[in-house]
Structure formats: structure tokens, C-alpha cells
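Open the model in your viewer and keep the sequence panel visible. The stops below say what to select next and what is there.

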Amino acid sequence: MHCTTAVLPNYNYNGTIMEKLEALFDHIAARVNVNLKPMGIDVRPLLKNAIPRERHLLYYAFYALTEDHPISFKFVNSNLAGSYFLGKTQVDRSVLYKSDVRGDELKQKGDVVEFNGVKTKLFYDEVIRIINSYLVKTLIHNHSKNPQIPEVFRILNTVAMHYSNIHGTTTEGAYLGAFSTVDLSVLHNCVIGDFSYVQAGDLSRITIEPGRVWLRANGLFEFNYLYPEGVVEQYVKLDENGKLSGKFIDYVDDLKEDFVPIYSTATPESIIDIPDSAYVSPYAVIKGTCEIGENALVVQRAHIENSVIGKGANAQENCYIANSIFEGNNVTAHGGKVIWTRNGQNVFVGFNSFVHGTEKNPITIGRDSIVMPHTIIDAEEPIEIPENSAVWGYVTRQADLETQCVNLDELAKATDVTLGNATFKGDGKAFVEAFKHRIDHIREENGAYFDGSDKTRGHAQKTQDACFNILQPFQAGPDAGMYPTMTIGN
């Protein structure tokens, strides 16, 4: 799979010729377009314009080493500008730009996994394989649910745009729009629109429109929600030339300078007292007056300002939490934003949700409640969400909860519900129990229930002794922007 550079122009940035990087972009575009042409997608303009080429020279990649996470990093003909790696990862002929690849929940040799009622034993540690792909500020986490190759979490011929999440799913010939999430599904030749969330099993040759939230468990339940026309474009819009606009990116861009100091050194120092049982990544921003509770977890690229992160609470990658209180055991999934909000005990805020209160119009979320993935609560008046509730969709006023909020006990009794733009069909009890079980599993994995024993250690405890190493690209000549071919680890 050689990439020829003979017919490509010699792009020059400040005197630096980047022939091989341009050849790599061309190669990825060809591989992805072969799969997506039937879906009407051409990724070449996105790969050309989404990130200025010189930025691929500016940032070093870095990886974490711990005793608890087996490592295997293999980089071949790739660019890894500003990306983070933890656990077993192999990257081949791909471009990753400020992406986070967390292999801390990969399956291990000897594990027994079950697919469709059939159990099988793993004979190798699972590895994340990223091949012929372009991932921009993308989060990769969990472990693969692919029954064909349970030892491989595969991302192949895929383009994933700004702040998308690939969570526990194989992707082959897929396109993920900005701020989209694919969760535990398996994707083949699919197009996922901006700010869409799918957890719907095997998807082949399907186009998901922007702003759709779709959860499906075959034979059990199905939840569907589609944002009203014109709403998603206010918050996230990626044009055909890769230009991203909307309230989400405006909010993130206003705070990006806060990350500059901590990414300017290989060993940032903590500026806050952290309990022995908690972990705050040195690559997270802690700003203003903040409090971190026991067993709390704040990971890299999280941004915390003037907030309380209570006992057992967490803030995952690309989370922004400001002027808020987390009372304890709160989960804020990848990309969640929580501003001027009080979260009661055990509140879950789903992927890429935007819970945006103000000092004048604060938001209160009652204990044991679930903010569904990709929810927008943009308060124009004070909003109070009752305890033990599920909330979704587009909420700006208290009255909006009438069609976008339901008591979880009532939902557990339901079989067929239509509220506004949302429909639910199936076993309500199974839906609620599945959500609660998964949230509890996240807390357990993150170390929220740590009691001093090895059995209850989670990410907050296992990552405390991590050391960080940096990787830099070639700075000049035809190889400029490329990272050396290397193998690190076992």
C-alpha cells in the first residue's frame, strides 16, 4: 500500500515542504471515498481545509505509561498532532489531530466475552487499530463490540470530524459529522450527521440525519428523537469545505487558550489540592476556585472552572464544567458541557450534551436523573428538572419539559410513548434498567466506589502514577509533519 508523491504538488509552509503528509491525505481520501461514494460523500474538501496544514507541525503527541495498562504503540506513515494515547494502540497510514485514544478498558487475554448468547475466550489482548483514517479531536474509548474479531477495536477507512466520539464500536468506511457520537454500534459504510447520536447495533449503508438521537436494542426497545428544523444549525454546522460554526464551537474556542500553558510542557504541575483517592489529569484545566472530592476523576482535555466536583463524580474528555456543583457520583460523559448548573447526587449527563444555564437563569437537576446524550438545555429562564427524571431534546424554558422530560418510574411502565418529537416503543423497564446499569458500570470503572481495596480500584486510582512521554514529528523536508515509524511497548 505505497502512496506515491510524484503527481502531488509540493505544499510549502514557512519554508517546510510536506510532501509525504500531503500524500497521506490523498491516500486517506481515496480509501474513504471508495467506501462512501455510493452514499454521495466526497471527503477531499474536508481533508484539505478542516485543519490548516501547519498545525500538524506545531503539536507533539503524548502517551501515558502506567503499571495497570499494557502498552503497544506502533506508528507507521502517520501524523499524530497533539493526540493522546493510553493502552494498546496501533496507528497505520492515518492522521489524528488532537484526538484522545483511551485503551484503558480494552479486553485482555483470557477474558470470556459473549455475543448473541455464544461465549468465546480471547487469546490475545485487545488492541485499537486505526488504519487509513482521519480523526479530528475525536474521542476513542471503551472496547469493541465486534463479534467477528473480538481482539481488535478497528477503525478503518473512516473520517471523524471535530469532537465526535467513537465509543466501543468498529467503524469501516464511515463518516462521522462534527459533535456526533457512535456508541457501541458496529458501522459499515455509514454517514452520521452532525450532532447525531446512534446506539443501534449493526448499521450498513445508512445515512443518519443531523440531530437524530437513536437508541435501539433489537427485540427490547427503541428510542428516537429528531431536533426541530433549524435548531442543530444554531449549535453546530460543518460546511462542505470543513468550516465549523455554531454555539458549541464558539464556546469551546473562547476557552482554548486556557489549554496552552499545560500543553507547553511535558510535565504540568497541579495547582489544586487533590484527595489521595482522586485523579486530575495534568492535561486538564482547573481554573478559578474549584473543589475536587474523594474518588473523583477529571481526565485530559477537561475544563473545570469555579466548580465543585463531588465525591465519586467525573468529568471526561472534552467536558466543560463552569460555575456548577456536582453533589456526588455524577457522570459527565465525553463532550458534556455543564454551565451554571447544580447536579444532584447520581445525575448522568450524556455525550456532547449542552446544559447551559446562566447566573440569572440557573439550571437545577434533581438527584438520580438522566440527561440523555446530545441534549441541549439552553436556559432562557431558571429551569428545574425533577429528581428521577429522563430529559432529552431542546429545552429553553420550564414549559418545554412537558414534552421532553419523563419520570423514570413512569417510563419503566411504558410500552409506547410519543412526546413531542420523541417516540419510545418496547419494554420501558428494560430501557431504564439498561441505562441505570450502564451508568453504574461507568462509576465503577472510574473508581467512584473505591474503598481502599484493589477490587474497587478504577481509573481515578489506576492512573495516578502515570508518567507521560512526548512524540514529535519531523520538522523539515519531505517528511515534515510525519511521525517516525516506531514500535513502543511489548
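In which sense do strand β45 and β48 pair, and over how many bridges? Select residues 376-378, which are β45: this strand and β48 pair in the parallel sense over 2 bridges. Isoleucine 376 stands opposite tyrosine 394 in β48. Two strands count as paired if DSSP finds at least two bridges between them. Helices (H or I, at least four residues) and strands (E, at least two) are DSSP runs, numbered from the N terminus.

Before going further, note that this is a predicted model, in which local features need pLDDT of at least 70, side-chain atom pairs count only at pLDDT 80 or more, and totals for chains, interfaces and linings use all residues. Residues are numbered from 1 along each chain as its sequence is written, and side-chain values use heavy atoms, with hydrogens and water left out.

**The parallel sheet**

Widen the selection to the open sheet that has 7 strands in the order β30-β33-β36-β39-β42-β45-β48, with parallel pairing. Its edge strands are β30 (285-287) and β48 (394-395), each of which pairs on one side only.

**Helix α5, across the sheet**

Now select residues 247-255, helix α5. Here Phe248, Ile249, Tyr251, Val252 and Leu255 are buried (under 20% relative accessible area; exposed is over 50%, partly exposed in between; 1.4 Å probe, protein chains only). Look down the axis of α5: the buried residues fall within an arc of 160°, so they line one face of the helix. The arc is taken from the directions from the helix axis to the C-beta atoms. In general, an α-helix has 3.6 residues a turn, so residues three or four places apart point the same way.

Show the sheet together with the helix. α5 lies across β33 (303-305), β36 (320-322), β39 (337-339), β42 (354-356) and β45, and runs at about 70° to β36. Contact means heavy atoms within 4.5 Å. The axes are lines fitted to C-alpha atoms, for helices over the stretch in contact, with angles from 0 to 180 degrees between N-to-C directions.

**Aromatic rings**

A search of the whole structure finds 31 aromatic pairs. Rings of Phe, Tyr and Trp (its six-membered ring) pair if their centres lie within 6.5 Å; planes under 30 degrees apart count as stacked, over 60 as edge-to-face and the rest as tilted. Select tyrosine 251 and phenylalanine 354, an edge-to-face pair with 6.3 Å centre to centre and 80° between the planes. Tyrosine 251 lies in helix α5 and phenylalanine 354 in strand β42, so the pair ties together parts that are 103 residues apart in sequence. Tyrosine 251 counts as buried at 18% relative accessibility, and phenylalanine 354 is buried with a relative accessible area of 3%. Both belong to one aromatic cluster, whose members include Tyr163, Phe248, Tyr320 and Tyr394.

**Two hairpins**

Go to strands β25 (residues 212-217) and β26 (residues 221-226), which pair in the antiparallel sense over 6 bridges. Leucine 215 has phenylalanine 223 in β26 as its bridge partner. The two strands form a hairpin with 3 residues between them, and glycine 219 in the turn has a positive phi of about 85°.

From β26, add strand β51 (residues 422-426): 5 bridges join the two, which run antiparallel. Asparagine 224 stands opposite threonine 423 in β51. Next add strand β50 (residues 416-419), joined to β51 by 4 bridges, again antiparallel. Leucine 419 stands opposite alanine 422. The hairpin of β50 and β51 has 2 residues between the strands, and its glycine 420 takes a positive phi near 55°.

**Two asparagines in loops**

Which phi does asparagine 116 have, positive or negative? Phi of asparagine 116 is positive, about 50°, although this residue is not a glycine. Find asparagine 116 in the loop between β9 (112-115) and β10 (118-121); at 80% relative accessibility it counts as exposed. Asparagine 306 also has a positive phi, near 50°. Its place is the loop between β33 and β34 (308-309), and at 33% relative accessibility asparagine 306 counts as partly exposed.

**Last stop: alanine 448**

Select alanine 448, in the loop between α8 (428-446) and α9 (459-462). Alanine 448 counts as buried, at 7% relative accessibility. Leaving out residues up to four places away in sequence, alanine 448 touches Asn295, Gly312, Asn329 and Arg443. Alanine 448 and lysine 311 are 137 residues apart in sequence and 7.4 Å apart in space, C-alpha to C-alpha.
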